[in-house]
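I opened my notebook to record, step by step, what I looked up in this structure.

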Amino acid sequence: KLTNRRKFTNELEATSEWWRLAALVHVGSMSSHWTAAWVHQIRSCNRTEVLPGLSFEMNTDYNKRLMNSPSSTLARTEIPIFSPLPSKEKCSNRFIPDRSSPNWNGKFNLLQSQESRNKNNTMFSDSNTQASKENQIYNNVIANEVLGTRLEQSPSREIHTLKDNSRNLFEFQSPAKRRLFDDASKMAANYAVSPLGSDSQNLLCSATKPPRKIPKAPYKVLDAPDLQDDFYLNLVDWSPQNLLSVGLGTCVYLWSANNGQVTKLCDFQSEGDSVTSVSWTEKGNHIAVGTQRGYIHIWDVTISRLIALLDGHSARVGTLAWNNDLLYSGSRDKSIFQHDLRTPCSITRKLKAHKQEVCGLKWSPDRQYLASGGNDNKLFIWNLSAETPIQTYADHEAAVKAIAWSPHQHGLLASGGGTADRCIRFRNVLTGQSINYIDTGSQVSTHGYSKNHIVIWKHPSLCKVAELSGHTYRVLYLSVSPEGESIVTGAGDETLRFWNVFCKPKTSKESKSLLNPFPCAR
């Protein structure tokens, strides 16, 4: 019997249940809630299968004494079976976090998206832009060292150059060479002087494009008396011959950007008419002038002579657009006329789709699509042959005057709405899909209205590049210089302001030396 009892005791000691019971009986300095937990396990295991073919039964008298002891919390509170431990009392003063289960990479990207969203809501400044780029590089270094994302290039706001840790589908290197290369890189990283990894070092050493500096003050200001403060007119246009035409009241003036000479082209005061729109041809030798009474005057600037007078509209002509020898005019009479100066009857086509005044016309760079905007909040796309628009957009909530085609991406069109809309919308006319939009917070004419400033946006990130202030009235007219570096803006404050916006980077001058007679040869 003694031998069997020792054998049974040894088998019980080999099990985890025996050690739990032994810890309960012999450890008297344990806290009350731990004691209650162990007693709860004992109660739920009064008859527990310890070993195959063996069973263990607690002494009932000892159980009663244990339950009635003053140190046991079970004498005062009854813990239900399978109930969790009380969460108010901590089991230990040491906390060991578990970093294996959470998706830290996803949380880091979510934090980055929230930061970028907050940056878009803040006002623009050069210091904020530089600080945001530095913070972006810092965040990428942290991501490399903590999350192992392996970013090696300084990414933009949207696009990240991310190395995938997984292998490619097609391998062009033997596994042995790949293993040797990995071992060599690991060995070099172990003996590196910098505490940062190679990816972070490449990120910090990568070339970053410096922020473009745009002068906030205009380099020239001209007085423009009688410049009308009317949203639906187009009174400023810059020719390819570097001549700026401005409609002031009943007259049209020409200002030469080469020598600063001002010339008066025409005056309609004797006819009781006023200027409502001006537009240059592609060659820059002819200019079309629309008037309040619905006439269109074609002038030859080289000889300062009127060569054609076009009629047909019953109301003012607010916008004009040339396409080689074809002139398109939009009027308050809701119609768009196509004029061909080579035919006796100038009106060759009539486009009628707008329900209110037509205030914007713009041809695409390839001269295949015409975009027209009107006071009916509609934007229509026309081609050279159809009598009806091929595409219709009705997502604006105000008049559409500001229209521009992208010179870099074929078929990309941007349009801006009036005071009730305040949005610039981007769409691809080749597919008919809307790409993106941004709420500018003001009337989009060139723009704006609330702060009387000009805002330059970057596409496709749609972030502010600069804000140009100086006008005291809303900015309604804008034109780009023929070289594409400067812009001129006109407002109701009767001033024209010239800004250096798209300055080309300065090229380093080649040194002229006898030792280098052919500096341009490669």
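The entries below go from the whole chain to single residues.

**Entry 1, confidence.** I began by noting that the model is predicted, and that the chain averages a pLDDT of 76, with 61% of the residues scoring at least 70. I then looked up the weak stretches and found that pLDDT stays under 50 over residues 21–57, for which the model has 53 contacts beyond four places in sequence. Residues 155–171 also have a pLDDT below 50, and this stretch has 26 contacts beyond near neighbours in sequence. I reminded myself that predicted coordinates should not be read in detail where pLDDT is low.

**Entry 2, the whole chain.** I recorded eight helices and 28 strands, and I noted that 39% of the 522 residues count as buried. The chain exposes about 31,800 Å², of which carbon and sulfur atoms supply 53%.

**Entry 3, two helices.** In helix α8, which spans residues 198–205, I found D199, S200 and L203 buried. They lie on the same side of α8, because they cover an arc of only 95 degrees around the axis. The face turned away from this buried side carries S198 and C205, which are exposed. I next turned to helix α6 (residues 126–147), where V146 lies. V146 is exposed, at a relative accessible area of 62%, and together with Y138 and I142 this residue makes a nonpolar surface patch of about 310 Å².

**Entry 4, salt bridges.** I wrote down first that side chains of opposite charge can pair when their charged atoms come close. How many salt bridges does a search of the whole structure find? The search finds eleven, and I followed some of them up.

In one of them the side chains of D395 and R427 meet at 2.6 Å, N to O. D395 lies in the loop between β19 and β20 while R427 lies in strand β22, so the pair ties together parts that are 32 residues apart in sequence. Is R427 buried or exposed? R427 is buried, with a relative accessible area of 0%, whereas D395 counts as partly exposed at 24%.

I also looked up R342 and D325, whose side chains meet in a salt bridge at 3.6 Å, N to O. The two residues are 17 residues apart, R342 in the loop between β14 and β15 and D325 in the loop between β12 and β13. R342 counts as exposed at 58% relative accessibility, and D325 as partly exposed at 39%.

My last note is that D230, R316, R332 and E357 are joined into one network by salt bridges that share partners.

Notes. Residues are numbered from 1 along each chain as its sequence is written. This is a predicted model: local features need pLDDT of at least 70, side-chain atom pairs count only at pLDDT 80 or more; totals for chains, interfaces and linings use all residues. Side-chain values use heavy atoms; hydrogens and water are left out. Patches are made of residues with over 30% relative accessible area and no salt bridge: like charges are joined within 9 Å, nonpolar side chains (Val, Leu, Ile, Met, Phe, Trp, Tyr) within 5 Å. Accessible areas come from the Shrake-Rupley method with a 1.4 Å probe; for residues, only the protein chains shown count as cover. Helices (H or I, at least four residues) and strands (E, at least two) are DSSP runs, numbered from the N terminus. Buried means under 20% relative accessible area, exposed over 50%, partly exposed in between (1.4 Å probe, protein chains only). pLDDT is the predictor's confidence in each residue, from 0 to 100. Contact means heavy atoms within 4.5 Å. The arc is that of the directions from the helix axis to the C-beta atoms.
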